[in-house]
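Student: I'm new to this structure and would love a close look at one part of it. Could you pick a spot and walk me through its surroundings?

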Amino acid sequence: MSPDAVVVGSGPNGLVAAVLLARAGRGVLLLEAADQFGGGLRSGELTLPGRVHDLGATVMAMTLASPAFRELRLQGVEFAHPPVAAAHPFDDRPAVLVHRDARRTAEGLGRDAGAWLATVGAAARAGLPLVELLLKPLGPWKVPPSAFVRAARFGTMAALPATTFARRAFSTMEGRAAIAGMAAHSMLDLRSPITAGYGLLLASLAHLVGWPLVRGGSQVLADALVAELRSLGGEAVTGHRVHRLAELDAPTIVLDVTPRQLMAMTDLPGGYLRRLRRFRQGPGVFKLDWALDGPVPWRDPAVAGAGTVHLGGTLEEIALSEAETAAGRHSPRPYVLLVQPYAADPSRGGHTLWAYCHVPNGSAADMTDAVESQIERYAPGFRDRVLARHAMGPAALEAANPNLAGGDISGGLPSLGQFVRRPVWSPAPWRTPLPGVFLCSSSTPPGPGAHGMGGWQAARLALRP
């Protein structure tokens, strides 16, 4: 008997779509090409036996804030919060520590305490209604009218380039660098519009919901979604790659794939095809995982308690690194985003660590030395702690997950143009011109992150009469 709906791809968006369709009473078949469910939520032993590493996402701020996951109310998933959400170390002074408490964070910024509370703190005080507006940019909303006023205030700051915002809002090197480290998650040139918005949102989530990890690894979250689907009568299959949509027999098809994959899977109407071809991929990443014989020996001991660490120094250094990547070059001193899961979750088999830097899309460069040099800069003796390392450049990342085209973990350049045109301009960009076929990957609004909102939107459209 044919299913009512087939979902292709088991990243967070595909999994959310599958569960929501099954909860609505649809017979769902989930197909995953890899031998493991999860997409960006997979975990595995990348270095030594017993060491649990996340292949993709580890920090789950977006998950806790997401309307989709709050609606799902999954059982069996425990979130572990590190003592410090994020840290930003420097060469010659104490690190900036971003705590759950906004005032405690502000106190560490000296003259910029008021500025932090008036910007990041204000976004956090706007609460989940503001997050809902940002994660559901095209609706539907269930938020009070006051949230739209707060969103307008947020938008006046968020629209700015991070470099402009940092210099206008903050007077100290520490304050400017802290917001730059947050904004660099966007993988954009920090002189670009809306990069301030990425930084403000991520920093505010640290105060609103925290930057937690899933205890036991991100795979636990993926497995919980698959278990929920199966409990509702759905079927989930790994090792099944869909090459053409003609292989599928269902009135509803939801695709957790990139525009590039969609174009290879079927013939599309000419106008839609031309618009998809204009969709741009973003930079790639070079990712390293390590097994250590102990904690990272940070020069500032306070950094040891942080789940996430931003390495790159000052606003000017980080902006230069991201500008180099945007121009298609490799920075000799790259901005490095580092996660030390053991700060929150000791159940992963020891001191495991991962970090990545941004590189041009499809880069073949080995950035191991550049990344480790940035860590050594703030943690002398780090290399002496390394028992084993595992490196994945853009080609290896795409081989492990075809959605990571050229190493692009954002599902496409998250620029201003592609914020409103993702992957095409449409009141419902999750709907394709093909009857019953929907797109739900991070190449659709609201873009990257383990929030599942692309799947939520696609399922909502598919369930309309």
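Tutor: Happy to! Let's start with Thr63, which counts as buried because its relative accessibility is 3%, and buried means under 20%. Keep in mind as we go that this is a predicted model. Thr63 belongs to helix α2, which covers residues 61–65. Its side chain has a polar atom that lies 2.6 Å from the backbone oxygen of Ala450. Ala450 is also one of the contacts of Thr63 once neighbours within four places in sequence are left aside; the others are Phe69, Phe79 and Leu221.

From here we can move to Leu205. Setting aside its own neighbours within four places in sequence, Leu205 touches Ala61, Met62 and Ala65, as well as Val131, Gly210 and Trp211. Helix α2, with its residues 61–65, is therefore a meeting point for our two residues: Thr63 lies in the helix, and Leu205 is in contact with Ala61, Met62 and Ala65.

Leu205 also leads us to the largest nonpolar core, a set of 99 residues in which Trp116, Leu205 and Trp211 have the most contacts. The element that gives the most to this core is helix α5 (residues 113–135), with 10 residues. Another core lies apart from it, with 29 residues, including Trp290, Trp298, Leu311 and Val336.

For a contrast, look at Leu416 in helix α16, residues 416–420. Leu416 counts as partly exposed because its relative accessibility is 41%. Together with Leu138, Phe419, Val420 and Trp425, Leu416 makes a nonpolar surface patch of about 460 Å².

Conventions
Residues numbered from 1 in each chain as written. Predicted model: local features only at pLDDT ≥ 70, side-chain atom pairs only at ≥ 80, totals over all residues. Heavy atoms only, no water. Helix = DSSP H or I, 4+ residues; strand = E, 2+ residues; numbered from the N terminus. Buried < 20%, exposed > 50% of the residue type's maximum accessible area, 1.4 Å probe, protein only. Polar contact = N/O pair within 3.5 Å; in protein donor to acceptor, adjacent residues only side chain to side chain. Contact = heavy atoms within 4.5 Å. Patch = residues over 30% accessible without salt bridge, like charges linked within 9 Å, V, L, I, M, F, W, Y side chains within 5 Å. Areas by Shrake-Rupley, 256 points an atom, 1.4 Å probe, with all protein chains shown as cover. Salt bridge = Lys/Arg side-chain N within 4 Å of Asp/Glu carboxyl O. Core = buried A, V, L, I, M, F, W, Y, C linked by side-chain atoms within 4.5 Å.
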